[in-house]
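The following exercises are to be worked with the sequence and the model in view. Each task is followed by a solution in steps.

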Amino acid sequence: MHAAPCRRPRRTAVAAALLGAASALCATACGPSTDDARPAGPFGELTGSQIVDKAFAATRTAKSLTVDIDLRSPDEPTKGYLALDDRGRCAGTLTMGTADTAELVKADDKNVYLRFDEAFLREQVKDESPETQEATLDALRGRWMKSPVSDPDSRDMLALCDLKELLGGFGPGAGGIVKGAETTVGGQRALALTEPGEDGASSTVYVATEGTPYVLRIVTKGGEEPGTITFSKYGRPVVATVPAAKDVVVTD
């Protein structure tokens, strides 16, 4: 089925907000500061900065993982939950506000499938004529939109499916990161490493202390974009099933 009669929703808004806010957390977690404290404990005599660098380097090499983004902006809360792997597969949901939700499936390097709930669709076409609104809802309600991955409109969405791009704001060499207490994140032992920010803001990176030193969670408090990014299910297969043809609207 083709969606020629209707205008495509401006679907990059959710992904752009998620990616931008995630980058803000990255910058807060890895900004320049003073020398690190060196207490003993997990990772021996490595400084907090060295541990964080080691953790992000390990995370970038993961074959697959799940990322759960929960941003608590006072203007508009934003969430994302995506499973992705190094073979280009990706699946999950993106939500802006309390209702506007998009589902995403990318099973290969050719196409991406997106399905929007009715609240999202109505928000996107609210400035259109009543006839255009109804045509859009009739064409897209409950259906998946199929687009080539080369489509510029898909770029922001697909950036969230690229682990390297998602972690692109985390640069090596940050200082002033202090080792904290050992704790548990998602059933895994972890070490908390915290960097104070400006105006009372702070970011804490939780790094696995057993097995590969993956990043398990980043928590940012205060500032303009407080929130949490949680990484889990490292190495697990990503289920990205192409929707049935009868449920797909072709938009190219």
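**Exercise 1. A hairpin and its turn**

Task: Identify the residue of β8 that is the bridge partner of Val185, and describe the hairpin to which the two belong.

Solution. The bridge partner of Val185 in β8 is Gln188. Strands β7 (residues 178-185) and β8 (residues 188-196) pair in the antiparallel sense over six bridges; two strands count as paired if DSSP finds at least two bridges between them, and strands are DSSP runs (E, at least two residues), numbered from the N terminus, as are helices (H or I, at least four). Two residues separate β7 from β8 in this hairpin, and Gly186 in the turn has a positive phi of about 55 degrees.

The basis of the exercises is a predicted model, in which local features need pLDDT of at least 70 and side-chain atom pairs count only at pLDDT 80 or more, while totals for chains, interfaces and linings use all residues. Residues are numbered from 1 along each chain as its sequence is written, and side-chain values use heavy atoms, with hydrogens and water left out.

**Exercise 2. The sheet as a whole**

Task: Give the order of the strands in the sheet and state which strands stand at the edges.

Solution. The protein chain has six helices and 12 strands. The 12 strands form an open sheet with mixed pairing, in the order β7-β8-β9-β10-β11-β1-β2-β3-β4-β5-β6-β12. β7 and β12 stand at the edges with a single partner strand each, so one side of each lacks a neighbour in the sheet. On average, neighbouring strands of this sheet are turned by 20 degrees against each other, direction ignored; the axes are lines fitted to C-alpha atoms (for helices over the stretch in contact), and angles run from 0 to 180 degrees between N-to-C directions.

**Exercise 3. Strand β2 and its two partners**

Task: Describe how β2 pairs with β1 and with β3, and state how many of its residues are buried.

Solution. First, β1 (residues 64-71) and β2 pair in the antiparallel sense over eight bridges, and Leu65 stands opposite Leu84 in β2. This hairpin has six residues between its strands. Secondly, β2 pairs in the antiparallel sense with β3 (residues 90-96) over seven bridges, where Thr78 stands opposite Met96 in β3. Four residues lie between β2 and β3, which also form a hairpin, and Gly88 in the turn has a positive phi of about 90 degrees. Finally, six of the eight residues of β2 (residues 78-85) are buried, that is, under 20% relative accessible area (exposed is over 50%, partly exposed in between; 1.4 Å probe, protein chains only).

**Exercise 4. The disulfide**

Task: Locate the disulfide and explain which parts of the chain Cys90 and Cys161 tie together.

Solution. The structure holds one disulfide, defined as a pair of cysteine sulfur atoms within 2.5 Å. The sulfur atoms of Cys90 and Cys161 are 2.1 Å apart, and the link is left-handed, with -70 degrees about the S-S bond. Cys90 lies in strand β3 and Cys161 in the loop between α5 (155-159) and α6 (163-166), so the pair joins parts that are 71 residues apart in sequence. Cys90 is buried at 0% relative accessible area, and Cys161 is buried at 10%.

**Exercise 5. Helix α2**

Task: Compare the expected span of α2 with the distance between its end C-alpha atoms, and name the elements against which its buried residues pack.

Solution. Helix α2 (residues 48-60) has 13 residues; at 1.5 Å a residue the expected span is 18 Å, and its end C-alpha atoms, 19 Å apart, agree with this. The expected span is 1.5 Å times one less than the number of residues. The buried residues of α2 include Ile51, Val52, Ala55 and Phe56. The buried residues of α2 pack against β1, α6, β7, β8, β9 (202-208) and β10, where contact means heavy atoms within 4.5 Å.

**Exercise 6. An unusual backbone angle**

Task: State where Lys233 lies and whether its phi is positive or negative.

Solution. Most residues other than glycine have a negative phi. Lys233 has a positive phi of about 55 degrees although it is not a glycine. Lys233 lies in the loop between β11 (227-232) and β12 (248-250), and is partly exposed at 38% relative accessibility.
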